[in-house]
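Here are a few friendly notes to read alongside the model. Take them one at a time, and find each residue in the viewer as you go.

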Amino acid sequence: MLWIIRFSGFFSAAMMMIVLSPSLQPFPPAEAIRSNMDYYLRFPTSSNSVDKISFRKSPVFRNADECRSSTLGKSGVCDPSLVHVAITLDVEYLRGSIAAVYSILQHSKCPENVFFHFLVSENGLETLVGSTFPELKFKVYFFNPERVRSLISSSVRQALEQPLNYARNYLADLLEPCVKRVIYLDSDLVLVDDISKLWSTSLGKKTIGAPEYCHANFTKYFTEYFWSDRKFSGVFSGRDPCYFNTGVMVIDLRKWRRFGYTRSIERWMDIQKTSPSRIYELGSLPPFLLVFAGRVAPIKHRWNQHGLGGDNVRGSCRDLHRGPVSLLHWSGSGKPWLRLDSKQPCPLDSLWAPYDLYEQST
């Protein structure tokens with residue numbers, strides 16, 4: 001009986017996505033082109049930790065005729081025609097990051113114009129990226145874990161305490177000053193639509209844009225101690241704060257640099273560490289909410305169908321939210337590659353599988 005329920009759930013979800021999201025239908029195939037893009041590495045590439053990891057080589061994609069031509073050889077990362085995407089790379093989530101990149105290229109009309117900024121805290125991963133995507137335009141940035149380690153508080157999940165989770169706070173410092181806007185993406189998602197649509201989102205006067213979820217209980221992201229002390233909770237005075245997921249954000253780096261938001265986030269992290277009682281529990285999200293909630297340019301929910309990382313053993317596989325879908329996000333404790341390998345997938349994990357380039361070792 002259980003398999004019938006699972007199949008029914010998958011079938012209904014898949015049919016809804018096909019009907020409501022034309023982007024899930026195959027994108028006109030882009031053709032291959034070669035590029036002489038260098039990797040701009042800042043540190044040695046040798047690492048024993050990734051020697052046994054391998055991925056199939058991705059097809060190489062070329063711009064459609066109507067795309068504005070990239071002049072990367074002349075102006076490099078500062079080329080104004082580029083769409084900038086930032087993603088973290090680490091061994092544990094590398095399989096997800098590779099799938100995310102592949103999904104972006106596959107559904108982009110102008111894949112040559114997408115430039116990836118990879119944030120890493122260990123050596124060797126850039127070699128795997130280069131061998132999997134030989135023509136990819138990318139640069140690797142080393143994020144020193146010591147820069148944030150002393151500010152990190154213990155969290156409800158150990159995974160949320162990893163320093164690389166906080167690298168997104170430092171994009172304005174890490175990326176070149178000529179990069180004025182960037183899309184930040186988590187490693188546990190895939191796009192099923194053209195990323196240029198997300199890139200073109202208007203932020204108005206806001207610094208960041210993200211899908212907001214105002215029906216969520218916002219108070220639960222902070223402790224009773226936080227809400228009972230006006231010097232903390234007063235930060236939301238005059239704001240209408242809503243929860244947003246920091247795994248998909250469009251960021252205006254010019255405004256971020258101008259207003260020094262990295263330091264604002266660090267100040268709240270320091271308050272958490274030094275206060276007599278905790279003001280929040282959940283890793284890197286609450287400091288972002290403290291600085292930006294109520295000051296976010298709203299983006300359509302189709303760009304973050306989040307919360308898909310349930311645990312089917314516990315009966316918590318998630319369904320899709322209603323409406324069209326442009327991005328599927330397995331936020332939460334369960335990751336599709338782990339469940340697929342264990343032969344205990346949730347129904348929607350089969351939608352991630354086509355983007356998996358991982359080669360099982362023999």
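1. Let's begin with D356. In this predicted model, D356 has a relative accessibility of 13%. Buried means under 20%, so D356 counts as buried.

2. What does D356 form a salt bridge with? The partner is R95, and the closest N and O atoms of the pair are 2.8 Å apart. R95 is buried too, with a relative accessible area of 10%.

3. Now look at where these two residues sit along the chain. R95 belongs to helix α3 (residues 94–107), while D356 lies in the segment after α13 (336–341). The two are 261 residues apart in sequence, so their salt bridge ties together parts that are far from each other in numbering.

4. Next, please find K197 and D193. Their side chains meet in a salt bridge, at 2.9 Å from N to O. How covered is each one? D193 is buried, with a relative accessible area of 6%, whereas K197 counts as partly exposed at 47% relative accessibility.

5. D252 and R254 are another pair to try. A salt bridge joins their side chains, with 3.6 Å from N to O. D252 has 6% relative accessibility and counts as buried. R254, at 44%, counts as partly exposed.

6. Salt bridges can also be linked to one another. Which residues are linked in a network of salt bridges? They are R147, D173, R263 and E266. Try selecting these four residues together in the viewer. A search of the whole structure finds 17 salt bridges, so the pairs in these notes are examples to start from.

7. Let's turn from side chains to strands. Strand β2 (residues 114–120) and strand β3 run parallel, and 5 bridges join them. For one place to look, pick H117: its bridge partner in β3 is K139.

8. Is strand β3 mostly covered or mostly uncovered? Strand β3 spans residues 138–142 and is mostly covered, with 4 of its 5 residues buried.

9. Finally, follow the chain from one of these strands to the other. Helix α4 (residues 125–132) joins β2 and β3 in making a β-α-β unit, and this unit is right-handed. As you trace the unit, recall that β2 and β3 run parallel.

Key. Residues are numbered from 1 along each chain as its sequence is written. This is a predicted model: local features need pLDDT of at least 70, side-chain atom pairs count only at pLDDT 80 or more; totals for chains, interfaces and linings use all residues. Side-chain values use heavy atoms; hydrogens and water are left out. Buried means under 20% relative accessible area, exposed over 50%, partly exposed in between (1.4 Å probe, protein chains only). Two strands pair if DSSP finds at least two bridges between them. A crossover is right-handed if, with the strands pointing away from the viewer, the path from the first strand over the helix to the second runs clockwise.
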